[in-house]
Amino acid sequence: MRLVLAALALLTMPAALWPQAAGRFPPDSLINVQVFPRTTPVAEVTAAMRSFANGLGVRCQFCHVGEEGMPLDRFDFASDEKRTKLVARQMMRMVQEINRRLDTLPGRAAAGLEVSCATCHRGVSTPTPLSTLIADAAMAAGADSAVRAYRALRQRFHGRDAYDFGEGSLNAAALRVGRAGKYDEALALLRLNEEVFPSSAGTSVVRGNISLMKGDTTAAEAAFREALRRDPAGNEARGRLRAIGRQP
Ligand code: HEC
Ligand code: HEC
């Protein structure tokens, strides 16, 4: 009876009070798993953890109580103290739901693709599209900050899966910023794009559109003509020129 009571007390103890599986990594058993079935082999859990960390481009201490450089056997993996761990649990449930839904696709190949953390996160902890990051920075802190942010991200992540450094991102960011009435900031983002993609017709089209928003028809005409020079088949530039009463 006393044993049963002790066991019950253990089960109802708040997570912070759980006895730590101190001094062993990998641990002998799982203490506080709520999404993984309790019977999951520990090795399977630690393999999943490595893929969480890689998928988000973080280390264990992003979600667990412990510090950089600390041996893993001193981490408190069972603790639910960090908000990010609680978010990750919800994410695990979300991924399970998504994959259950994928299983219902008609005519799905036996080895159909599964969604994992990396599908959305692509190596960053908050999977914000580059165009959104840059447009937000331009609107909140000005074009110089946005340009610095872009350069720093490009330096660190270019060639990785994390952010789309193709020419579309800064064009999309500039359009968003332009629609918010911040024409000079938008044009600064386009100058940066011009530097990275000097022969992009798309950037010239967007420059023309921002110039139109600004009411500068002369600059718009020049930008659309430049777009056509770069890409003679460009329908948008041609249409815009006609729309402002100019011969393409
Ligand atoms: C993005 C967040 C995140 C990262 C990064 C992460 N974990 Fe976890 N970890 C979790 C979550 C959430 C659980 C609980 C899962 C559940 O409730 O089923 C967990 C559980 C564990 C457990 C089981 C603890 C117990 O209750 O017995 C171990 C061990 C563990 N993680 C080790 C690691 C290691 C080692 C790393 C680094 C390689 C790591 N984790 C990185 C979120 C993370
Ligand atoms: C369908 C896309 C998607 C998948 C799959 C996904 N996430 Fe996320 N995750 C997001 C989005 C979007 C956010 C930002 C949510 C917000 O803050 O509004 C996010 C945020 C997070 C955060 C919070 C980051 C922070 O700094 O606040 C963690 C932790 C996280 N995800 C872990 C995971 C883990 C672990 C997995 C895999 C089990 C996963 N995610 C799978 C889309 C996804």
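# Two iron sites and a second domain

In the shell around ligand 2, helix α3 gives the most, with 9 residues. I start there because the model we are looking at is a predicted one, and I would like to take you through it from one ligand to the other, and then out to the second domain.

Let me stay with ligand 2 for the moment. There are 20 residues around this ligand, and those that come nearest are Arg83, Met91, Cys117, Cys120 and His121. If you look for the elements behind that shell, you will find that α2, residues 42–56, α3, residues 83–102, and α4, residues 117–121, each supply at least two of its residues. Sorted by class, the shell around ligand 2 holds 14 nonpolar residues, 5 polar ones and 1 charged one.

Now, which protein atoms are the donors of the iron atom of ligand 2? They are the SD atom of Met91 and the NE2 atom of His121, which lie 2.0 to 2.3 Å from the iron. The iron atom has 6 donor atoms, with angles of 84 to 180 degrees among them, and the site is octahedral. Methionine 91 sits in helix α3 and histidine 121 in helix α4, so this pair ties together parts that are 30 residues apart in sequence.

The two protein donors can also be described by their accessibility. Methionine 91 has a relative accessible area of 34% and is partly exposed, whereas histidine 121, at 10% relative accessibility, counts as buried.

There are polar contacts here as well, and I would ask you to look at two of them on the ligand. An oxygen atom of ligand 2 lies 2.7 Å from an N or O atom in the side chain of arginine 83, and a nitrogen atom of ligand 2 lies 2.8 Å from an N or O atom in the side chain of histidine 121. The side chain of histidine 121 also reaches the backbone oxygen of valine 124, at 2.9 Å.

Let us turn to ligand 1. Here 22 residues surround the ligand, and the closest are Asn32, Met49, Cys60, Cys63 and His64. Helices α2 and α3 each supply at least two residues of this shell, and the largest share, 4 residues, comes from α3. By class, the shell around ligand 1 is made up of 16 nonpolar, 3 polar and 3 charged residues.

What coordinates the iron atom of ligand 1? On the protein side, the iron is coordinated by Met49 through SD and by His64 through NE2, at 2.0 to 2.3 Å. The 6 donor atoms around this iron subtend angles of 85 to 180 degrees, and that is why the arrangement is octahedral. This pair, too, links distant parts of the chain, with methionine 49 in helix α2 and histidine 64 in the loop between α2 and α3, 15 residues apart.

And are these two donors buried or exposed? Methionine 49 is partly exposed, with a relative accessible area of 28%, while histidine 64 counts as buried at 10% relative accessibility.

As for the polar contacts of ligand 1, some are made with the backbone. A backbone N or O atom of valine 35 is 2.8 Å from an oxygen atom of ligand 1, and a polar backbone atom of phenylalanine 36 is 2.9 Å from an oxygen atom of the ligand. With histidine 64 the contact is through the side chain, where a polar atom lies 2.8 Å from a nitrogen atom of ligand 1.

Finally, let me step back to the protein as a whole. The protein is divided into domain 1, which takes in residues 19–102 together with 115–121, and domain 2, which covers residues 130–243. The centres of the two domains, taken over C-alpha atoms, are separated by 40 Å.

For a closer look at another part of the chain, I have chosen glutamate 226, which is found in helix α10, residues 217–230. Glutamate 226 has 23% relative accessibility and counts as partly exposed, and the side chains of glutamate 226 and arginine 229 are joined by a polar contact of 2.8 Å. How far is the C-alpha atom of glutamate 226 from that of leucine 72? The two C-alpha atoms are separated by 58 Å, and the residues are 154 apart along the chain.

How values were computed:
Residues are numbered from 1 along each chain as its sequence is written. Chains are lettered from A and ligands numbered from 1 in the order in which they are written. This is a predicted model: local features need pLDDT of at least 70, side-chain atom pairs count only at pLDDT 80 or more; totals for chains, interfaces and linings use all residues. Side-chain values use heavy atoms; hydrogens and water are left out. A residue is near a molecule or strand if one of its heavy atoms lies within 4 Å of it. A polar contact is a pair of N or O atoms within 3.5 Å; within protein, one must be able to donate a hydrogen and the other to accept it, and residues adjacent in sequence count only if both atoms are side-chain atoms. Ala, Val, Leu, Ile, Met, Phe, Trp, Tyr, Cys and Pro count as nonpolar, Asp, Glu, Lys and Arg as charged, and the others, Gly among them, as polar. Domain bounds come from an automatic or database domain assignment. Donors are N, O and S atoms within 2.8 Å of the metal (3.2 Å for Na, K and Ca); water is not among the atoms, so sites may look incomplete. Four donors count as tetrahedral if all angles lie between 85 and 135 degrees; four count as square planar and six as octahedral if opposite donors are over 155 degrees apart and all others between 65 and 115; anything else is irregular. Buried means under 20% relative accessible area, exposed over 50%, partly exposed in between (1.4 Å probe, protein chains only).
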